Amino acid sequence: MIELKQIEKTYRRGAEDVRALRGIDLSIAAGELLAITGPSGAGKTTLLHILGCLDQPTGGEVLFDGVNTSHMAESELVRLRREKIGFVFQQFYLIPGLSVFDNIALPLLFSKKPATREKILALAEMVGLEHRLDHAPSQLSGGEMQRTAIARGLVNDPDILLADEPTGNLDSENSDKIYEILRSLSQNGLTTVMITHNTELAARAQRTVQIRDGLVHT
Amino acid sequence: MNGYLKLAVKNLLRHRTRSALTMLGIAASVGVLFSVLSFNRGFSEGLAVELERTGLHFMIVPSGCAHEVAALVLHGAVIPKFLDTAVMQHVNEADGIDLATPILVAQLPDPQRGKIDLIYGVDMTALSAIKPSWQITGRIPEQDHEVLLGYEVAQHEKLQPGDRFASPVEGVDLMVAGIVGLTGSQDDAFVYLPIATAQKLLDYPAAATAIGVKVTDPTRMLEITDALTAAVPGIQIVTMGEVMNSISNLAASARALSLAIVLIAILISAVGVMNSILMAVFERSQEIGMMRAVGASRSNIFRIILEETTILSLGGGLVGIFISILGSRLIEAFVRAVMPFVPSGNLISFDAGLAMGSVIFILVIGLCAGIYPAWKASKINPVEAIKG
């Protein structure tokens, strides 16, 4: 589904060039649950942003369903993110003024699709939040916030869900719940890529890739 | 409510105090703008009505400055130059004159009471034609020794119709025949008396400050004034239109200054909007990064921020108009207290067109102020924003 060929990413920090990725080759199959691990600063998040078309590589090619996205225009990348990619972040990034329902429905505003109650309720049920739809994020636990963020990531029916340390701010019980949701999504055919420092969770994934110094170590 | 609007409202509600204060800044400037525009409009209309109420078409005055005539007509000044009432004979003989009445306006010191009366001598039979809108308690003087008091004079001296009015001239006893109801104009400060009595009190026999004239056919006014100017030497004719222009010109600089101050206030509130929205954008950069990640385009982000500005501007504009209507009497009282001449009647009244114009104006200014923060927000790099 996604193929990365010799991906490089160099960015400037002050007067110095930092090579975050130094030639990554990676293939991700449809429906796969992939865990990316590695030490801090290894380039995991940079890789995830390139996978999610949020960032462009400085070298190499990203093939998304066979289409090279490395040189796509901004508007095409936006369309791709809307239609095919879901994001989940460590800090959840829920909007405090909006209810759980509205937070889940937010991406539909940009894709101009109707936010029907049935659709949002189905997603909320899937992540176990059907009783929390009218609550504000401040009334939720960390695990509930992350489950809201997962539902938000799924609302546009993406082909791939990218999760950047989704359990990084959660205790082990909630981490397990989140992992189970991601595993069940993958079993239902959704390609899922998860960055994690949690070696136990990574070990339970279908495949684990370790990134170190901008290179893949399997 | 559409999704963008809902999102914008929720974002503003997250910092209620800041949003309320920003909106209040806009409301204050729109309120002042609306009040000043209403006042300026009311001033011009009030002036026209006031001059029309005199029932006169033009004034004959000694040759001199038209501004002095303006001051005379508005009762606020005393002109040291007089006309001889013999001019009246020429005026009465002229063709097309419906009414001509000499007017003597002067200050009359009364050393015993330690004050100065403002007196307005006029032919009492012509008074109802000159001041048709007056409400009089009692009656118009019919005898030479009778006077009519302006509202403030009667209040100050605590006089009623039938009371004796203290005269500064020995041997002249005056009596109050009537009292003019409150006009809210300078008319309230005068003592009106038959012109012959005024001439006697002032010791200016046969003198008049001006002669007020009403013509039978206003379309022939130019012809009549030309004929009079040619026939009578040493006079100047000033039409009420010219008087209005003179006063309008005098007031124009004050109006321009007040508008300039209002525009500065609006500029300050626009900077306030820009500052407030810009601050909100910086605070929410991670959220904006998240929205970009989940499919928002730059124009989507631009729209969200601009809708927040629209709500602040529109809300502030409507609140400002509302406050201005509620406080219009207070503002009017203040303006009357500080301005040398203000026509009588309600000067600040609600005008839908003016209110809508003021709101649209602040909306445009608000949107201009919102463009920079919206552009800044749309340029936020999602990768850097999400990293924090």
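**Exercise 1. A loop residue of chain B**

Task: In this predicted model, find the loop that holds B:D203, and decide whether B:D203 is buried or exposed.

Solution.
Step 1. B:D203 sits in the loop of chain B between α7 (195–202) and β10 (207–208).
Step 2. Within 10 Å there are 8 other C-beta atoms. A residue counts as exposed if that number is 12 or fewer, so B:D203 is exposed.
Step 3. The phi of B:D203 is near 65°, which is a positive value in a residue other than glycine. Most residues other than glycine have a negative phi.

**Exercise 2. Another positive phi**

Task: State what phi B:K158 has, where B:K158 is found, and whether B:K158 is buried or exposed.

Solution.
Step 1. Phi of B:K158 is positive, about 55°, although B:K158 is not a glycine.
Step 2. The loop that holds B:K158 runs between α6 (151–157) and β7 (164–165) of chain B.
Step 3. B:K158 has 7 other C-beta atoms within 10 Å and is therefore exposed.

**Exercise 3. A covered strand of chain B**

Task: For strand β9 (residues 190–194) of chain B, say how many residues are buried, and in which sense β4 and β6 of chain B pair with β9(B).

Solution.
Step 1. Five of the five residues of β9(B) are buried, and the strand is mostly covered.
Step 2. Strand β4 (residues 115–122) of chain B pairs with β9(B) in the parallel sense, over five bridges. B:I119 has B:V191 in β9(B) as its bridge partner.
Step 3. Strand β6 (residues 146–149) of chain B pairs with β9(B) in the antiparallel sense, over two bridges. Here B:L148 has B:Y192 in β9(B) as its bridge partner.

**Exercise 4. The six-stranded sheet of chain A**

Task: Give the strand order of the open sheet of six strands in chain A, name its edge strands, and place helices α1 and α5 of chain A against the strands.

Solution.
Step 1. The order is β6-β7-β8-β3-β9-β10, and the pairing is mixed.
Step 2. β6 and β10 (215–217) of chain A each have a single partner strand, so one side of each has no neighbour in the sheet; these two stand at the edges.
Step 3. On average, neighbouring strands of this sheet are turned by 25° against each other, direction ignored.
Step 4. β6(A) and strand β7 (residues 160–164) of chain A run parallel and are joined by four bridges. A:F87 is opposite A:L162 in β7(A).
Step 5. Helix α1 (residues 44–51) of chain A lies across β3 (33–37), β7, β8 (191–195) and β9 (207–212) of chain A, at about 155° to β8(A).
Step 6. Helix α5 (residues 142–154) of chain A lies across β6 and β7 of chain A, at about 165° to β6(A).

**Exercise 5. The four-stranded sheet of chain A**

Task: Find which strands stand at the edges of the open sheet of four strands in chain A.

Solution.
Step 1. The order is β2-β1-β4-β5, with antiparallel pairing.
Step 2. β2 (16–28) and β5 (67–68) of chain A are the edge strands: each has a single partner strand, so one side of each is left without a neighbour in the sheet.
Step 3. Strand β4 (residues 59–64) of chain A is joined to β5(A) by two bridges, and the two run antiparallel. The bridge partner of A:L63 in β5(A) is A:N68.

**Exercise 6. Helices α2 and α3 of chain A**

Task: Show why the buried residues of helix α2 (residues 74–84) of chain A line one face, and describe the surroundings of A:F101.

Solution.
Step 1. The buried residues of α2(A) are A:V78, A:R81 and A:R82. Seen down the helix axis, they fall within an arc of 95°, so they line one face.
Step 2. These buried residues pack against β6 (85–88) and α3 of chain A, together with α10 (285–293) of chain B.
Step 3. A:F101 is in helix α3 (residues 100–111) of chain A. With 20 other C-beta atoms within 10 Å, A:F101 is buried.
Step 4. Leaving aside neighbours within four places in sequence, A:F101 is in contact with A:I120, A:L133 and A:D134. A:R132 is 31 residues from A:F101 in sequence, and their C-alpha atoms are 8.3 Å apart.

**Exercise 7. The contact between the chains**

Task: Say how many residues each chain gives to the contact, and which helix supplies the largest share of the side of chain B that touches chain A.

Solution.
Step 1. Chain A gives 22 residues and chain B gives 18.
Step 2. On the side of chain B that touches chain A, α1 (3–14), α10 and α14 (382–387) of chain B each supply at least two residues. The largest share, six residues, comes from α1(B).
Step 3. By class, this side of chain B has nine nonpolar, six polar and three charged residues.

Definitions and conventions: Residues numbered from 1 in each chain as written. Chains lettered and ligands numbered in written order. Predicted model: local features only at pLDDT ≥ 70, side-chain atom pairs only at ≥ 80, totals over all residues. Contact = placed C-beta atoms within 7 Å. Arc of directions from axis to C-beta. Nonpolar A, V, L, I, M, F, W, Y, C, P; charged D, E, K, R; others polar. Pairing = 2+ DSSP bridges. Axes fitted to C-alpha atoms, helices over the stretch in contact; angles between N-to-C directions.
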